[in-house]
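This briefing introduces a structure to a reader who has not met it before. A single loop residue serves as the point of entry, and the overall form and selected details follow.

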Amino acid sequence: MHTINSPVFGIVLSGGGIRGVAHIGLLQALKEQQLFPSYISGTSAGAVVGALYSAGHSAEDMVNFFKNAHIFDFRRYTIKKPGLLDSESFIQYAKTYFQTDHFSELTIPLFITATNLNKGQNIIFSDGPLIRTMMASAALPPVFSPIEIEGELYTDGGITNNFPIEPLLPLNIPILGSFVNPITDANNQEMGSTSKFIQRVFHVAIFDQSSKKFDQVNYLFAPHGLEHIGILNTSHIDEAYEIGYQHALKIIEDIRKAISDKRYIPNL
């Protein structure tokens with residue numbers, strides 16, 4: 001997918017659930033400007049978008065992946081597994097989007113992070129079977145059940161690394177970071193229930209570990225407006241895409257300059 005006119009750069013795609021559809025808007029805006037990432041590192045929703053993009057899917061295809069997944073279909077609920085929804089039920093669906101279930105078939109080198117529950121570690125995948133790894137990276141607990149890979153259980157990569165810049169750093173190339181899990185001030189009423197309190201704690205922890213790495217990218221794409229979209233609110237898929245796309249169009253020249261000159265570090 002890389003063209004001679006596109007600078008060599010890597011892109012980091014954070015987790016964020018439905019907010020991750022904003023990554024698609026960014027990638028589409030880049031494509032329209034003939035800017036194509038040479039390497040992709042993604043976690044959770046960012047891993048899904050990264051895999052679909054690396055497989056050559058259009059923005060429309062990628063958005064439809066999220067729309068047609070029917071996350072809360074009653075047939076996806078599980079009884080005998082931890083989690084509310086059976087992650088295995090999404091694997092057959094995901095296979096329809098890939099000709100071959102292997103990293104080597106992707107047109108762009110891809111790094112996917114997932115959390116190994118047995119070892120308590122963040123693991124980076126870049127080879128081998130693709131789809132189980134991709135879905136494991138996006139298996140947000142306690143909603144989705146963990147996925148077994150080679151006898152061990154894996155879950156959402158965002159738990160241990162929601163901004164996986166690490167695989168790109170040794171490449172010594174400009175890096176564009178896309179972070180779609182913003183945190184804003186919240187009043188007491190917004191944390192008035194157990195579920196809202198737990199979500200707030202989770203988001204604060206995720207933002208804290210991610211923000212420490214923002215100064216390592218050449219440009220940070222972090223569009224405003226995503227904060228009111230729930231991470232599993234499928235009724236806002238189109239809105240998340242438009243937020244990402246429109247924001248990318250506004251700052252596309254800043255992105256171009258940042259990824260074309262590694263010495264250029266914008267004021268984040």
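In this predicted model, Ser 145 is found in the loop that runs between α5 (131–137) and β5 (147–149). Ser 145 counts as buried because its relative accessibility is 1%, below the 20% limit for that class. Apart from neighbours within four places in sequence, Ser 145 is in contact with Lys 81, Pro 82, Gly 83, Leu 85, Asp 86, Ser 87 and Ala 139.

**The chain as a whole**

- The chain contains eight helices and eight strands.
- Its C-alpha trace spans about 50 × 45 × 35 Å along the principal axes.
- The radius of gyration is 17 Å, which agrees with the value near 18 Å that a compact globule of 268 residues would have.
- Of the 268 residues in the chain, 51% are buried.
- When contacts between residues at least 6 apart in sequence are considered, 75% of them join residues at least 24 apart.
- The chain exposes about 12400 Å², and carbon and sulfur atoms supply 53% of that area.

**Two further buried residues**

- Thr 115 lies in strand β3, which covers residues 110–116.
- With a relative accessible area of 4%, Thr 115 is buried.
- Leaving out residues up to four places away in sequence, Thr 115 touches Gln 121, Asn 122, Leu 153, Tyr 154, Thr 155, Asp 156, Gly 157, Ile 159 and Thr 160.
- Thr 115 and Ala 138 are 23 residues apart along the chain, and their C-alpha atoms are separated by 9.9 Å.
- Val 217 is located in the loop between α6 and β8, and a relative accessibility of 1% makes Val 217 buried.
- Val 217 and Tyr 241 are 24 residues apart in sequence, and the distance between their C-alpha atoms is 23 Å.

**Helix α8 and its packing**

- Helix α8 comprises residues 252–260, and its buried residues are Ile 252, Ile 255, Ala 258 and Ile 259.
- These residues lie on the same side of α8, because they cover an arc of only 125° around the axis.
- An α-helix has 3.6 residues a turn, so residues three or four places apart point the same way.
- The elements against which the buried residues of α8 pack are α1 (21–32), β7 (175–178), β8 (219–221) and α7 (237–250).

**Salt bridges**

- A search of the whole structure finds seven salt bridges, and three of them are described below.
- Side chains of opposite charge can pair when their charged atoms come close.
- Lys 67 forms a salt bridge with Asp 238, with the closest N and O atoms 2.8 Å apart.
- Because Lys 67 lies in helix α3 (residues 59–68) and Asp 238 in helix α7, this pair ties together parts that are 171 residues apart in sequence.
- Both partners are partly exposed: Lys 67 has a relative accessibility of 35%, and Asp 238 has a relative accessible area of 43%.
- Glu 166 is paired with Lys 213 in another salt bridge, in which the closest N and O atoms are 3.1 Å apart.
- This second pair links distant parts of the chain, since Glu 166 is in the loop between β6 (152–155) and β7, while Lys 213 is in the loop between α6 and β8, 47 residues apart.
- Glu 166 counts as partly exposed at 33% relative accessibility, whereas Lys 213 counts as buried at 10%.
- Glu 253 forms a salt bridge with Arg 256, and their closest N and O atoms are 3.4 Å apart.
- Glu 253 and Arg 256 both belong to helix α8, where they are three residues apart, about one turn of the helix.
- Glu 253 is partly exposed at 47% relative accessibility, and Arg 256 is partly exposed at 25%.

**A nonpolar patch on the surface**

- Phe 197, Ile 198 and Val 201 make a nonpolar surface patch of about 290 Å².
- Val 201 lies in helix α6, which covers residues 194–211.
- The relative accessible area of Val 201 is 45%, so Val 201 is partly exposed.

Technical notes:
Residues are numbered from 1 along each chain as its sequence is written. This is a predicted model: local features need pLDDT of at least 70, side-chain atom pairs count only at pLDDT 80 or more; totals for chains, interfaces and linings use all residues. Side-chain values use heavy atoms; hydrogens and water are left out. Patches are made of residues with over 30% relative accessible area and no salt bridge: like charges are joined within 9 Å, nonpolar side chains (Val, Leu, Ile, Met, Phe, Trp, Tyr) within 5 Å. Accessible areas come from the Shrake-Rupley method with a 1.4 Å probe; for residues, only the protein chains shown count as cover. A salt bridge is a side-chain nitrogen of Lys or Arg within 4 Å of a carboxyl oxygen of Asp or Glu. Helices (H or I, at least four residues) and strands (E, at least two) are DSSP runs, numbered from the N terminus. Buried means under 20% relative accessible area, exposed over 50%, partly exposed in between (1.4 Å probe, protein chains only). The arc is that of the directions from the helix axis to the C-beta atoms. Contact means heavy atoms within 4.5 Å. The radius of gyration is taken over C-alpha atoms; the globule rule is 2.2 Å times the number of residues to the power 0.38.
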